[in-house]
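Here are a few friendly notes to read alongside the model. Take them one at a time, and keep the picture open as you go.

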Amino acid sequence: MKTRERDVYEHILHIALSSRRRGEVVVIFPAKCEECGFAFEPEKVRKPGRCPVCHSTKIDGPRFLVRESEWSP
C-alpha cells in the first residue's frame, strides 16, 4: 500500500502537535526552487507545485526535523 504525499504532510502536523507534549519541536526547512533558489515560506508544510518567481516545477520539498526543545532542562 502506497502512502499519498498529502497524507504524509497531515501526519507531520500531527507529529508536531504530539512532540510538543514531550518537550520536542518540529523544525521545518522550507521548500526551495531548484532552478532559481527561491525559498518558500516555512509555515507552508506542503510541497508547492510551481515557483512564483521563475515558474519552474523543479521544487525541492520541505524537510522536517524533530529535536529536543531548547527550553527543556
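1. Let us start with a rule for aromatic rings. Rings of Phe, Tyr and Trp (its six-membered ring) pair if their centres lie within 6.5 Å; planes under 30 degrees apart count as stacked, over 60 as edge-to-face and the rest as tilted. Please keep in mind that this is a predicted model. By the rule just given, the count here comes to 1 aromatic pair. The ring centres of phenylalanine 38 and phenylalanine 40 are 5.0 Å apart and the planes meet at 85°, so this pair is edge-to-face.

2. Now look at how well each ring is covered. Is phenylalanine 40 buried or exposed? Phenylalanine 40 has 13% relative accessibility, so it counts as buried. Phenylalanine 38 has 29% relative accessibility and therefore counts as partly exposed.

3. Alanine 39 comes next. This residue belongs to the loop between strand 2 (32-33) and strand 3 (59-60). With 43% relative accessibility, alanine 39 counts as partly exposed. Not counting residues up to four places away in sequence, alanine 39 touches Ala31 and Lys32. From C-alpha to C-alpha, alanine 39 and isoleucine 59 are 9.7 Å apart in space, and they are 20 residues apart in sequence.

4. Isoleucine 59 is worth a stop of its own. Leaving aside neighbours within four places in sequence, isoleucine 59 is in contact with a list of residues including Ala31, Cys33, Phe40, Lys47, Pro48 and Cys51. Which residues make up the largest nonpolar core? That core has 5 residues in all: Ala31, Cys33, Phe40, Cys51 and Ile59.

5. Histidine 55 is a good one for backbone practice. Its place is in the loop between strand 2 and strand 3. The phi of histidine 55 is near 65°, a positive value in a residue other than glycine.

6. Finally, turn to helix 1. Helix 1 covers residues 5-21, which is 17 residues. The distance from its first C-alpha to its last is 26 Å, close to the 24 Å expected at 1.5 Å a residue. Which residues of helix 1 are buried? They are Asp7, Tyr9, Ile12, Ser18 and Ser19. What covers these buried residues includes strand 1 (24-29) and strand 4 (63-68). Just after helix 1 you will find glycine 23, with a positive phi of about 80°.

Note on methods: Residues are numbered from 1 along each chain as its sequence is written. This is a predicted model: local features need pLDDT of at least 70, side-chain atom pairs count only at pLDDT 80 or more; totals for chains, interfaces and linings use all residues. Side-chain values use heavy atoms; hydrogens and water are left out. Helices (H or I, at least four residues) and strands (E, at least two) are DSSP runs, numbered from the N terminus. Buried means under 20% relative accessible area, exposed over 50%, partly exposed in between (1.4 Å probe, protein chains only). Contact means heavy atoms within 4.5 Å. A nonpolar core is a set of buried Ala, Val, Leu, Ile, Met, Phe, Trp, Tyr and Cys residues joined through side-chain atoms within 4.5 Å. The expected span of a helix is 1.5 Å times one less than its number of residues.
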